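Colleague: Could you walk me through this model and tell me how each label was earned?
Modeller: Gladly; have a look at it first, and then ask away.

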Amino acid sequence: MRFSKKSEYALRALIELTAHYKRSLLQRHEIAERQNVPIEFLEQILLTLKNAGLLASKRGVTGGYSLIKPPDEITLGQVIRLLDGPLAPIACVSKTAYQKCSDCPYAEKPSCPIQQVMLGVRNAIADILDNYTLSDFARQTGGKGSDAIPPR
């Protein structure tokens, strides 16, 4: 499974926003510069995250973006699903966007060998990403970013 640049850039932006949680607003040009993200692409990502209820924004010279929810309540799985859709490698094992295979010879049989393996893949991916929070993720930066989160 491969994640898009959109998800990668969103996670980079969220590292910065996590580091500033409850401290200060970050302007998009600051996030873009610190995380080496193209600002035009970042604008779209921040809007998606805001519309999903993860970010707040304030206009003006002293404006910027901030996390609404605590970083330890937002999982990487949530963020990636917002930007890339389901984590499942094939539609017939997705929990959020299940689709029955129309052309599969196993579709009408009690089990499918491909589905069994891909369900394991989906569950392994989801098990990690749904239990890894922004706080956990930002802590892994090892001092990178503007204000790395101190270890627990």
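**How the labels are earned**

Modeller: Let us start with Ser66, which is found in strand E2. The model is predicted, so please read every value as computed from it.

Colleague: What makes E1 and E2 a pair of strands?

Modeller: A pair needs at least two bridges, and four bridges join strand E1 (residues 55–58) to strand E2 (residues 64–67), so the two count as paired. The strands run antiparallel. Ala56 stands opposite Ser66 in E2, and Ser57 stands opposite Tyr65 in E2.

Colleague: How many residues lie between E1 and E2 in the hairpin?

Modeller: There are five residues between them. Gly60 sits in the turn, with a positive phi of about 105 degrees.

Colleague: Which residues are in contact with Ser66, leaving aside its neighbours within four places in sequence?

Modeller: Ser66 is in contact with Leu17, Leu25, Leu54, Leu55 and Ala56. Contact requires heavy atoms within 4.5 Å. As for Ala10, it is 56 residues from Ser66 along the chain, and their C-alpha atoms are separated by 13 Å.

Colleague: Why is Leu49 called buried?

Modeller: The limit for buried is under 20% relative accessible area. Leu49 has 0%, so it is buried. This residue is found in helix H3, and it touches Ala10, Leu14, Leu54, Leu55 and Leu82, not counting residues up to four places away in sequence. The C-alpha atoms of Leu49 and Tyr132 are separated by 18 Å, with their positions 83 residues apart along the chain.

Colleague: Is Thr133 buried or exposed, and how do you know?

Modeller: Its relative accessible area is 11%, which is under 20%, so Thr133 counts as buried. Thr133 is found in the loop between H5 and helix H6 (134–139). Thr133 and Glu73 are 60 residues apart in sequence and 6.6 Å apart in space, C-alpha to C-alpha.

Colleague: Why are Lys22 and Asn36 called exposed?

Modeller: Exposed means over 50% relative accessible area. Lys22 has 72%, so it is exposed. Asn36 has 63%, so it also counts as exposed. Lys22 lies in the loop between helix H1 (5–19) and helix H2 (28–35), while Asn36 lies in the loop between H2 and helix H3 (39–51).

Colleague: What is the phi of Lys22, and what is that of Asn36?

Modeller: Phi of Lys22 is near 60 degrees, a positive value in a residue other than glycine. Asn36 is not a glycine either, and has a positive phi of about 55 degrees.

Colleague: What makes H4 oblique to H5?

Modeller: The axes of helix H4 (residues 76–84) and helix H5 (residues 113–129) come within 7 Å and cross at roughly 120 degrees. Perpendicular covers 65 to 115 degrees and roughly antiparallel starts over 145. The crossing angle fits neither range, and it is not under 35 degrees, so H4 is oblique to H5.

Colleague: Which residues of H4 and H5 meet?

Modeller: Leu76, Gly77, Ile80 and Arg81 in H4 meet Arg122, Ala126 and Leu129 in H5. By class, this contact has four nonpolar, one polar and two charged residues. Gly counts as polar here, so Gly77 is the polar one.

Colleague: How many disulfides does a search of the whole structure find?

Modeller: It finds zero disulfides. A disulfide needs a pair of cysteine sulfur atoms within 2.5 Å, so no pair meets that cut-off. Cys92 has a relative accessible area of 8%, which is under 20%, so it is buried. Cys112, at 7%, is buried by the same cut-off.

Colleague: And what does the chain look like overall, from the N terminus on?

Modeller: The elements run α-α-α-β-β-α-α-α, with six helices and two strands in the chain. Of the 152 residues, 38% count as buried. The C-alpha trace spans about 60 × 30 × 25 Å along its principal axes. Among contacts with a separation of 6 or more, residues 24 or more positions apart account for 62%.

Technical notes
Residues are numbered from 1 along each chain as its sequence is written. This is a predicted model: local features need pLDDT of at least 70, side-chain atom pairs count only at pLDDT 80 or more; totals for chains, interfaces and linings use all residues. Side-chain values use heavy atoms; hydrogens and water are left out. Buried means under 20% relative accessible area, exposed over 50%, partly exposed in between (1.4 Å probe, protein chains only). Axes are lines fitted to C-alpha atoms, for helices over the stretch in contact, and angles run from 0 to 180 degrees between N-to-C directions.
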